[in-house]
Amino acid sequence: MTVPELDQRMNFTKAAPKVFKAMIALDTAARAGLDPVLIDLVQIRASQINHCAYCIDMHTKEARKAGEREERIYQLNAWREAGLFTEREKAALGLTEAVTELGEGGVSDAVYAAAARHFEEEELAQLIALIFTINAWNRIAVPTRKIPGTE
């Protein structure tokens with residue numbers, strides 16, 4: 001079975017440099033004060049949900065480089081059942097899924113309360129910012145067909 005190669009539709013960085021620069025600034029601000037391991041997990045999980053091959057590729061490579069265990073990366077899709085994640089990480093991943101999917105009713109009180117138990121208000125705000133930022137990156141990479149492994 002051959003997999004069809006998809007061509008990148010546009011180079012967003014060149015086509016919208018001011019927006020790209022603003023996204024970089026937003027990304028930097030959103031990460032401030034958050035645990036790098038948590039950042040990687042959140043970015044990979046949101047990218048999995050959004051089917052963003054480019055971001056999955058980039059963030060799993062970053063996680064490996066930072067020392068994340070392969071087992072945890074492989075099991076991230078099944079984080080609830082995996083038994084490999086801390087309660088704090090589970091709260092962040094639950095919030096990631098809820099904010100990314102934003103189904104009818106938005107983020108449930110239970111999901112929000114679980115996150116609020118593990119994160120002080122300022123850190124929770126940073127986590128929410130990280131989640132909406134990776135979702136924005138996914139929404140740039142998916143429609144432009146950013147190719148995994150490229151700059």
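Is Glu97 buried or exposed, and what is its relative accessible area? In this predicted model, Glu97 is buried, with a relative accessible area of 7%. The close-up views below present salt bridges, of which the structure holds 10.

**View A. Arg80 and Glu97 form a salt bridge between two helices.** The two side chains meet at 2.9 Å, taken from N to O. Arg80 belongs to helix α6 (residues 79–82) and Glu97 to helix α7, so this pair ties together parts that lie 17 residues apart in sequence. Through salt bridges with shared partners, Arg45, Arg80 and Glu97 are joined into one network.

**View B. Glu89 and Arg72 meet in a salt bridge.** The N to O distance between their side chains is 2.9 Å. This pair links distant parts of the chain, since Glu89 lies in helix α7 (residues 87–101) and Arg72 in helix α5 (residues 70–74), 17 residues apart. Glu89 counts as buried because its relative accessibility is 10%, under the 20% cut-off. Arg72 also counts as buried, at 6% relative accessibility.

**View C. Lys61 and Asp57 form a salt bridge within helix α4.** The side chains of Lys61 and Asp57 meet at 3.1 Å, from N to O. Both residues lie in helix α4 (residues 53–65), where they are 4 residues apart, or about one turn of the helix. Lys61 is partly exposed, because its relative accessible area of 45% falls between the limits of 20% for buried and 50% for exposed.

Technical notes: Residues numbered from 1 in each chain as written. Predicted model: local features only at pLDDT ≥ 70, side-chain atom pairs only at ≥ 80, totals over all residues. Heavy atoms only, no water. Salt bridge = Lys/Arg side-chain N within 4 Å of Asp/Glu carboxyl O. Buried < 20%, exposed > 50% of the residue type's maximum accessible area, 1.4 Å probe, protein only.
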